[in-house]
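Biologist: I have a structure open in front of me and would like to learn how to read it. Could you walk me through it, feature by feature?

Modeller: Happy to; here it is.

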Amino acid sequence: MSKREGQKTIFEFNRYLNKRVRVKFNGGREVTGILKGHDQVCNLVLDDTEEYRRDPDDPFKLLNETRQLGLVVARGTAVMLVSPVEGMEEISNPFVNVAES
Amino acid sequence: MATSSSGAVAAQATPSYLPLALIDKCIGSKIWIIMKGDKELVGTLRGFDDFVNMVLDDVTEYTFTSEGKQTTQLDSILLNGNNITMLVPGGQPPEE
């Protein structure tokens, strides 16, 4: 994959092109989608995107439901976190156990 | 508008889509905008600038609250780009 000369983003999006990534946004929204493109300011093109629904009474809690958005453009100004879905694993909160014992 | 600058970059051998070039292609057609909060808008895109502030026509604004969905109909708006998280070309209205 050719690297564009000039400015380089700190995150190598090219490594994740056509792979499924998880994106979290400022404001709490969370989606996964197949990365199809990006630019210097972290705007992303995601295909086959699903948004994780949140509990309307507790927006910090993600429900297991998703809704399909399809092809979307994610705004770089709102992107908080990007990570590949492959290899991701959710662990139980280690700090809760420490407090109990 | 974003056409000239992003169009020039797209002409080079970039293997991927450029986000703003994609939005530029949506001018004149329906777009679904998902905001940071619980608001979503569906309307016809007339134009946008470098900050992705947008001019939209025939807009339906959806606000999701724990009580349900509220809709507002607007003829023509200038939408500040500051609170936009996602743009969905062709945008179908939210179904729930």
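Modeller: Let's begin with surface. Chain B exposes about 4900 Å², and carbon and sulfur atoms supply 52% of that area. Please keep in mind that this is a predicted model.

Biologist: What share of the 96 residues in chain B is buried?

Modeller: Buried residues make up 47% of them.

Biologist: And how many helices and strands does chain B have?

Modeller: Chain B has 2 helices and 5 strands. Along the sequence they come in the pattern α-α-β-β-β-β-β. A further figure concerns contacts in chain B with a separation of 6 or more: 44% of these are between residues 24 or more positions apart.

Biologist: Let's turn to the interior. How should I read a nonpolar core?

Modeller: The general idea is that in soluble globular proteins nonpolar side chains tend to be buried together. Here the largest nonpolar core has 23 residues, and those touching the most other members are Val23(A), Phe25(A), Leu35(A), Leu44(A), Leu46(A) and Met86(B).

Biologist: Which elements give two or more residues to this core?

Modeller: From chain A they are β1 (20–25), β2 (30–38), β3 (44–55), β4 (58–74) and β5 (79–84), and from chain B they are β1 (30–35), β3 (54–65) and β5 (84–89). Apart from this core lies another one, of 20 residues, including Val73(A), Ile23(B), Ile33(B) and Leu87(B).

Biologist: Could we zoom in on one member? Which residues does Val23(A) touch, leaving out those up to four places away in sequence?

Modeller: Val23(A) touches Arg29(A), Glu30(A), Val31(A), Leu44(A), Leu46(A), Val79(A) and Leu81(A). Keep Arg29(A) in mind for later.

Biologist: Next, the interface. How many residues does each chain bring to the contact?

Modeller: Chain A brings 26 residues and chain B brings 28 residues. The area buried between the two chains is about 2300 Å², with 59% given by carbon and sulfur atoms. On the side of chain A, Arg29(A), Val73(A) and Arg75(A) supply 29% of the area buried against chain B, more than any other three residues.

Biologist: What polar pairs does the interface hold?

Modeller: Across the interface of chain A and chain B there are 3 salt bridges, along with 8 residue pairs in polar contact. The elements that give two or more residues to the side of chain A touching chain B are β2, β3 and β4 of chain A. The largest share of that side, 6 residues, comes from β4(A).

Biologist: How do I read a salt bridge?

Modeller: In general, side chains of opposite charge can pair when their charged atoms come close. Over all chains, the whole structure has 9 salt bridges. In one of them, the side chains of Arg29(A) and Glu51(A) meet at 2.8 Å, N to O. Arg29(A) sits in the loop between β1 and β2 of chain A, and Glu51(A) sits in strand β3 of chain A, 22 residues apart.

Biologist: Are Arg29(A) and Glu51(A) buried or exposed?

Modeller: Both are buried; for Arg29(A) the relative accessible area is 4%. Arg29(A) also meets Glu40(B) in a salt bridge, at 3.9 Å, N to O. Glu40(B) has 1% relative accessibility, so it counts as buried.

Biologist: Is there an example within chain B?

Modeller: Take Asp57(B) and Arg46(B), whose side chains meet in a salt bridge at 2.8 Å, N to O. Asp57(B) is in strand β3 and Arg46(B) in strand β2 of chain B, so this pair ties together parts 11 residues apart in sequence. Asp57(B) is buried, with 19% relative accessible area, whereas Arg46(B) is partly exposed at 44%. Elsewhere, salt bridges that share partners join Arg29(A), Glu51(A), Arg67(A) and Glu40(B) into one network.

Biologist: Finally, the backbone. Where should I look for a positive phi?

Modeller: Asp48(A) has a positive phi of about 55° although it is not a glycine. Asp48(A) lies in strand β3 of chain A and is partly exposed, at 38% relative accessibility. In chain B, Asp58(B) has a positive phi near 50°. Asp58(B) lies in strand β3 of chain B and is partly exposed, at 46% relative accessibility.

Biologist: Which residues is Gly70(A) in contact with, leaving aside neighbours within four places in sequence?

Modeller: Gly70(A) is in contact with Leu46(A), Asp47(A), Asp48(A) and Thr49(A). Gly70(A) itself is in strand β4 of chain A.

Note on methods
Residues are numbered from 1 along each chain as its sequence is written. Chains are lettered from A and ligands numbered from 1 in the order in which they are written. This is a predicted model: local features need pLDDT of at least 70, side-chain atom pairs count only at pLDDT 80 or more; totals for chains, interfaces and linings use all residues. Side-chain values use heavy atoms; hydrogens and water are left out. A nonpolar core is a set of buried Ala, Val, Leu, Ile, Met, Phe, Trp, Tyr and Cys residues joined through side-chain atoms within 4.5 Å. Buried means under 20% relative accessible area, exposed over 50%, partly exposed in between (1.4 Å probe, protein chains only). Helices (H or I, at least four residues) and strands (E, at least two) are DSSP runs, numbered from the N terminus. Contact means heavy atoms within 4.5 Å. Accessible areas come from the Shrake-Rupley method with a 1.4 Å probe; for residues, only the protein chains shown count as cover. Buried area is the accessible area (1.4 Å probe) that two parts lose on being put together, summed over both. A salt bridge is a side-chain nitrogen of Lys or Arg within 4 Å of a carboxyl oxygen of Asp or Glu. A polar contact is a pair of N or O atoms within 3.5 Å; within protein, one must be able to donate a hydrogen and the other to accept it, and residues adjacent in sequence count only if both atoms are side-chain atoms.
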